[in-house]
Amino acid sequence: ASFISSILAEMEVDTVAFLPIRNPLEVALSLKRRDGSPMAKSLLLWLRHVLEAEHQSRDMPRYFLRHEDFRTDWRRHLNNAADETGVIWPAPSSQSDIEIEKFLNEDLHHERASIEELRNHPDITPLIRTAYEILRSMAVDGESRELRAQLDLVRTTFNESCDVLAIATAEAEHLRGELRARILDHEAVVRTHHAIVRAHHELSLECDAMVRDRDAFLAERNALLASRSWRWTAPLRWVRGPFVRRT
């Protein structure tokens with residue numbers, strides 16, 4: 001916002017701020033329905049946006065208005081905004097009024113939440129609840145130094161919480177990185193184990209084949225030896241009678 005304001009100042013363009021204040025629970029429900037955003041994240045985004053918008057617009061004419069009030073009585077709030085900021089609206093016409101009424105119909109308000117629902121919702125933190133109550137007071141009763149000081153305290157607390165969250169998130173990301181590395185190492189070990197098991201299985205099959213070949217060779221050798229023994233062996237006979245020596 002400060003960057004845009006500096007550019008507009010160089011262009012000699014006067015800036016004013018209209019700050020609509022809507023129930024943060026309705027905002028979170030709307031973002032959840034439209035984008036599927038988690039409630040907690042949407043609520044923190046709401047808090048960051050409204051705190052920065054209020055802080056960055058303190059040096060310019062501005063007007064706070066409640067979202068539900070603007071829908072029901074937009075003419076009064078446009079007139080009040082002109083009085084507060086010095087804006088001169090174009091001359092209204094019946095056609096423009098019809099178009100505005102057509103745009104600001106009840107169908108535009110999809111998500112609805114009461115103050116009681118806001119106070120009792122488990123995702124609404126004390127910072128969000130306090131910020132909304134202060135901004136509603138600014139919209140209804142006007143802003144004051146006391147209310148701005150209260151918002152400063154909320155913003156400081158929120159910034160400190162974000163710093164702590166950033167550190168915790170960085171540490172969690174580091175741990176996630178280590179976990180991913182461990183998982184990759186584990187997967188590599190599992191793949192190596194499977195490769196060893198396959199190699200062992202293949203080696204076992206080769207050993208079984210070698211044993212079968214050995215047994216076949218031994219059987220063939222034994223059969224061959226048995227065949228040769230039968231072929232060359234003759235029966236022994238004794239010759240009875242005197243021994244005659246020839247001269």
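Author: A residue counts as buried when its relative accessible area is under 20%, as exposed when over 50%, and as partly exposed in between (1.4 Å probe, protein chains only). By that rule, 22% of the 247 residues of the protein are buried. This is a predicted model, where local features need pLDDT of at least 70 and side-chain atom pairs pLDDT 80 or more, while totals for chains, interfaces and linings use all residues. Residues are numbered from 1 along each chain as its sequence is written, and side-chain values use heavy atoms, leaving out hydrogens and water.

Reader: Thanks! Why is F18 called partly exposed?

Author: F18 has a relative accessible area of 34%. Partly exposed is the class between the two cut-offs, under 20% and over 50%, so F18 belongs there.

Reader: What makes F18 and W89 a tilted aromatic pair?

Author: Rings of Phe, Tyr and Trp (its six-membered ring) pair if their centres lie within 6.5 Å; planes under 30 degrees apart are stacked, over 60 edge-to-face, and the rest tilted. For F18 and W89 the centres are 5.8 Å apart and the planes differ by 50°, so the rings pair and fall in the tilted class. F18 sits in strand β1 and W89 in the loop between α5 and α6, 71 residues apart.

Reader: And why is the pair of W46 and Y132 called edge-to-face?

Author: Here the centres lie 6.2 Å apart, with 65° between the planes. That angle is over 60, so the pair counts as edge-to-face. W46 lies in helix α3 and Y132 in helix α8, so this pair ties together parts 86 residues apart in sequence. Both W46 and Y132 are buried.

Reader: What makes a set of residues a nonpolar core?

Author: The set must be buried Ala, Val, Leu, Ile, Met, Phe, Trp, Tyr and Cys residues joined through side-chain atoms within 4.5 Å. The largest one here has 30 residues, and W46, L47, F64, L135 and M138 touch the most other members. Helix α8 gives the most to this core, with eight residues.

Reader: How do you know that the span of α2 is close to the expected one?

Author: Helices are DSSP runs (H or I, at least four residues), and strands are E runs of at least two, numbered from the N terminus. The expected span of a helix is 1.5 Å times one less than its number of residues. Helix α2 has twelve residues and reaches 16 Å from its first C-alpha to its last, close to the 16 Å expected. Just after α2, G36 takes a positive phi of about 75°.
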